[in-house]
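Let's take a walk through this structure together, one piece at a time. Have the picture open beside you as you read.

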Number of protein chains: 2
Amino acid sequence: MRVLIVEDDVTVGQYIVSGLKESGHSTEIASDGLAGLKIATEGDFDALIIDRMLPQMDGLSIIESIRREGNNTPVLILSALGEVNDKVQGLKAGGDDYLVKPFAFQELLARIEALVRRSLLNEDETSLSFGGLFMDLITRKVSRGEIEIRLKPREFQLLEFMMRNTNQVVTRTMLLEAVWNYHFDPQTNVIDVHMSRLRQKIDKDFDLKLIHTVRGVGYALQLSE
Amino acid sequence: MRVLIVEDDVTVGQYIVSGLKESGHSTEIASDGLAGLKIATEGDFDALIIDRMLPQMDGLSIIESIRREGNNTPVLILSALGEVNDKVQGLKAGGDDYLVKPFAFQELLARIEALVRRSLLNEDETSLSFGGLFMDLITRKVSRGEIEIRLKPREFQLLEFMMRNTNQVVTRTMLLEAVWNYHFDPQTNVIDVHMSRLRQKIDKDFDLKLIHTVRGVGYALQLSE
DNA sequence: CTTCAACAATAAGAACTCGCATAAAATCTC
DNA sequence: GAGATTTTATGCGAGTTCTTATTGTTGAAG
């Protein structure tokens, strides 16, 4: 992950830089507004961290400027406690998130990673489709052919994972990890139950079944046996 | 993650090795039982993948041998379909998990990572405690002082995260990521609700409150204000 | 080919989770 | 310091998710 930090306070800047490096990300730093804008425009970053108050050109202006150029890189705005603490203004200018100094580094990291994840999703794919099944990740709607299918949250998550791993067996362990966020065996048949409900909605009214069970192993989303 | 693979079938062995490498793990491979035992004893691995049937010394004997030496590295046993498929026997010998060939690589990866995660936890701690609060991660029981506290799954996860991050502020964003596995803002007060219920159980009947809210930022588990 | 055991599917009720609405508390403004 | 505003707390109902129990299916053994 490549991150540009625009921050005039050297202490804060270095704190962020070293933290991000430790987390395996690469960084670049600018210490005034104009330099920041220049680097942001020229380089290809996954995210920008921009202080609100900067010499030469303030943070919000940088954001407005790069947005005008059609650059949609996610931006996290930093603002010191005591500065005009107007989130709305920052977000209006085109910031994606807002963090008040002083902050815990873990918090910054969590937010930046969340931003990048969101922006990557949006860039590549706002939807998934397979074998006539269509899933809109934004509106959270699913359809097969012309027929709209209403899914509950868990069912949606389950199907999303299956659709991201088509034509291969996904095991119960994998599903527990990915969909349930369980790192232990719940000793029940939760997965079977939900898979059953999903089948009712996805496959029941169609001749071509998409969900297949692979006995002793798991399930697979594929066109044929 | 350093993994030792003990497998005589070269095809299978290479398949695992290359898969693990792609996932960013480092590997070593032994193709018979004795060699495997030697490398396992001398090297420092995060996990072992051991085939059950091996030339020179079978898989179960290797496991028994290294366990006798007090080595607790997690072991995943591989067994071919058709071999005596006795999970219990494998686990008794000291294996931590069991996988039948043929398997999808994703499955192996998921299991190995789960094992390592568990073992890392277990190495330091099968339990957490803080300020009189005690949490058993295996039995999933919680107590404060002598009083046992019954928590629901979400409450348990929430408290677990708090106990792993004591004496610092955990923000809602962090909680959403870690406990809810959400990468977006649900625009509701889910966290507040669960935090409230957790408080009822953890703090209500005690003078010393452990959960503190940090207004505008999040929550913290700490002894004093 | 039949029987048996293991595994999977499903229905239904119990338990849990969530989100709203309202209350309470903290902070800000004047 | 009083009122206004923002932020947090909590009771409760609606809807979702999970567990259990039962039935159905598959593959292996005899």
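**Two helices meeting in chain A**

In chain A, residues Arg154, Gln157, Leu158 and Phe161 of helix α6(A) meet Met174, Leu175, Ala178, Val179 and Trp180 of helix α7(A). Sorted by class, the residues of this contact are seven nonpolar, one polar and one charged. Before we go further, please keep in mind that you are looking at a predicted model.

How can we describe the way two helices sit against each other? Two packed helices are described by the angle between their axes and the distance between the axes. Helix α6 covers residues 153–164 of chain A, and helix α7 covers residues 172–180 of chain A; their axes come within 10 Å and cross at roughly 125°. Angles over 145 degrees would count as roughly antiparallel and those from 65 to 115 as roughly perpendicular, and α6(A) and α7(A) are therefore oblique to each other. The crossing of this pair is right-handed.

Now turn to chain B, where helix α7 (residues 172–180) packs with α8(B) at an angle of about 80°, their axes being 10 Å apart. That angle makes α7(B) roughly perpendicular to α8(B). From α7(B), the contact is made by B:Arg172, B:Leu175, B:Leu176 and B:Trp180, and from α8(B) by B:Val190, B:Ile191, B:Asp192, B:His194 and B:Met195. This contact of α7(B) with α8(B) has six nonpolar, one polar and two charged residues.

Next comes the DNA, beginning with strand C. How many residues surround DNA strand C? There are 22 of them, and the closest are A:Arg199, A:Thr213, A:Tyr219, B:Arg154 and B:His194. Which part of the strand do they approach, the sugar and phosphate or the bases? Of the atoms of DNA strand C within 4 Å of the protein, 77% belong to sugar or phosphate, and the rest belong to bases.

Some side chains do come up to the bases of strand C. In the side chain of A:Asn189, an N or O atom is 2.9 Å from a base oxygen of DNA strand C. In chain B, the side chain of B:Asn189 has an N or O atom 3.4 Å from a base nitrogen of this strand, and for the side chain of B:Arg215 the distance to a base nitrogen is 3.5 Å. Two or more residues of the surface near DNA strand C come from each of α8 (190–202) of chain A, α6 (153–164) of chain B and α8 (190–202) of chain B. The largest share, five residues, is given by α8(A). By class, the surface near DNA strand C holds six nonpolar, eight polar and eight charged residues.

Finally, let's visit DNA strand D. It is surrounded by 22 residues, the closest being A:Arg154, B:Arg199, B:Thr213, B:Gly216 and B:Tyr219. You met A:Arg154 earlier, in the contact of α6(A) with α7(A); here, one of its polar side-chain atoms lies 2.6 Å from a phosphate oxygen of DNA strand D. A:Thr188 has a polar side-chain atom 2.7 Å from a phosphate oxygen of this strand, and for an N or O atom in the side chain of B:Arg199 the distance is 2.3 Å. The elements giving two or more residues to the surface near DNA strand D are α6 and α8 of chain A and α8 of chain B. Which element gives the most to this surface? That is α8(B), with five residues.

Notes:
Residues numbered from 1 in each chain as written. Chains lettered and ligands numbered in written order. Predicted model: local features only at pLDDT ≥ 70, side-chain atom pairs only at ≥ 80, totals over all residues. Heavy atoms only, no water. Axes fitted to C-alpha atoms, helices over the stretch in contact; angles between N-to-C directions. Helix = DSSP H or I, 4+ residues; strand = E, 2+ residues; numbered from the N terminus. Parallel < 35°, antiparallel > 145°, perpendicular 65-115°, else oblique. Left-handed = near helix turned anticlockwise from the far one by under 90°. Contact = heavy atoms within 4.5 Å. Nonpolar A, V, L, I, M, F, W, Y, C, P; charged D, E, K, R; others polar. Near = heavy atom within 4 Å. Polar contact = N/O pair within 3.5 Å; in protein donor to acceptor, adjacent residues only side chain to side chain.
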